[in-house]
Amino acid sequence: DIQKRNTITATFLEAQAMLGLGDTKRARRKLERVLQLDRNHAMAADLLNGPPAPDLVRQATSAVEENL
């Protein structure tokens, strides 16, 4: 379902933006929503389960941009 995929991608990008702004509480909620929609979303799981290291955030951003 293309609409669901777009929602997942947009929500994940919002979570990354929240992390970049330092709003970890909102980022966590967004990442949890991504995993509710797609329990196999590896990048969301990584960001949610570990400290948001700058390298990891950059890596996740690059991976998403490659898929656009």
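**Close-up views of a four-helix chain**

Of the 68 residues in the protein chain, 29% count as buried. The model shown in every view is a predicted one.

**View 1. The chain as a whole is built from helices and has no strands.** The secondary structure comes to 4 helices and 0 strands, and from the N terminus on the elements follow one another in the order α-α-α-α. The accessible surface of the protein chain amounts to about 4,700 Å², and carbon and sulfur atoms account for 49% of that area. Among the contacts between residues at least 6 apart in sequence, 44% join residues that are at least 24 apart.

**View 2. The largest nonpolar core draws on helix 1, helix 2 and helix 3.** This core has 13 residues, and the members that touch the most others are Phe12, Leu31, Val34, Ala44 and Leu47. The elements that each give two or more residues to the core are helix 1 (2-20), helix 2 (24-37) and helix 3 (42-49).

**View 3. Helix 1 has its buried residues on one side.** The buried residues of helix 1 are Ile8, Thr11, Phe12, Ala15, Gln16, Met18 and Leu19. These residues lie on the same side of helix 1 because they cover an arc of only 160° around the axis. On the other side of helix 1, Ile2, Gln3 and Gly20 are exposed. At 1.5 Å a residue, the 19 residues of helix 1 should span 27 Å, and the end C-alpha atoms of the helix are indeed 27 Å apart, in agreement with that expectation.

**View 4. Thr11 is a buried residue of helix 1 with contacts farther along the chain.** Thr11 is found in helix 1, where its relative accessibility is 9%; the cut-off for a buried residue is under 20%, and therefore Thr11 counts as buried. When neighbours within four places in sequence are left aside, Thr11 is in contact with Lys30, Arg33 and Val34.

**View 5. Helix 2 likewise has its buried residues on one side, covered by elements that include helix 1 and helix 3.** Ala27, Leu31, Val34, Leu35 and Leu37 are the buried residues of helix 2, and since they cover an arc of only 160° around the axis, they are placed on the same side of helix 2. Lys25 and Gln36, on the other side of helix 2, are exposed. What covers the buried residues of helix 2 includes helix 1 and helix 3. For the 14 residues of helix 2, a rise of 1.5 Å a residue gives an expected span of 20 Å, which agrees with the 20 Å between the end C-alpha atoms.

**View 6. In helix 3, buried residues share one side of the helix, and Leu47 is one of them.** Ala44, Leu47 and Leu48 are buried in helix 3; the arc that they cover around the axis is only 100°, so they lie on the same side of helix 3. Leu47, which has its place in helix 3, counts as buried at 4% relative accessibility. The C-alpha atoms of Leu47 and Leu19 are separated by 9.4 Å, although the two residues are 28 residues apart along the chain.

**View 7. A salt bridge joins Asp38 and Arg5.** The side chains of Asp38 and Arg5 meet at a distance of 3.5 Å, N to O. This pair links distant parts of the chain, with Asp38 in the loop between helix 2 and helix 3 and Arg5 in helix 1, 33 residues apart. Asp38 counts as buried at 15% relative accessibility, whereas Arg5, at 39%, counts as partly exposed. A search of the whole structure finds 3 salt bridges, and the remaining views show others from that search.

**View 8. A salt bridge joins Lys30 and Glu14.** The closest N and O atoms of Lys30 and Glu14 are 2.9 Å apart. This pair also links distant parts of the chain, Lys30 being in helix 2 and Glu14 in helix 1, 16 residues apart. Lys30 has a relative accessibility of 24% and counts as partly exposed, and Glu14, with a relative accessible area of 35%, is partly exposed as well.

**View 9. A salt bridge joins Asp23 and Arg26.** In this pair the closest N and O atoms are 3.7 Å apart. Asp23 is partly exposed, with a relative accessible area of 26%, and Arg26 counts as partly exposed at 39% relative accessibility.

Definitions and conventions
Residues are numbered from 1 along each chain as its sequence is written. This is a predicted model: local features need pLDDT of at least 70, side-chain atom pairs count only at pLDDT 80 or more; totals for chains, interfaces and linings use all residues. Side-chain values use heavy atoms; hydrogens and water are left out. A nonpolar core is a set of buried Ala, Val, Leu, Ile, Met, Phe, Trp, Tyr and Cys residues joined through side-chain atoms within 4.5 Å. Buried means under 20% relative accessible area, exposed over 50%, partly exposed in between (1.4 Å probe, protein chains only). A salt bridge is a side-chain nitrogen of Lys or Arg within 4 Å of a carboxyl oxygen of Asp or Glu. Contact means heavy atoms within 4.5 Å. Accessible areas come from the Shrake-Rupley method with a 1.4 Å probe; for residues, only the protein chains shown count as cover. The arc is that of the directions from the helix axis to the C-beta atoms. The expected span of a helix is 1.5 Å times one less than its number of residues.
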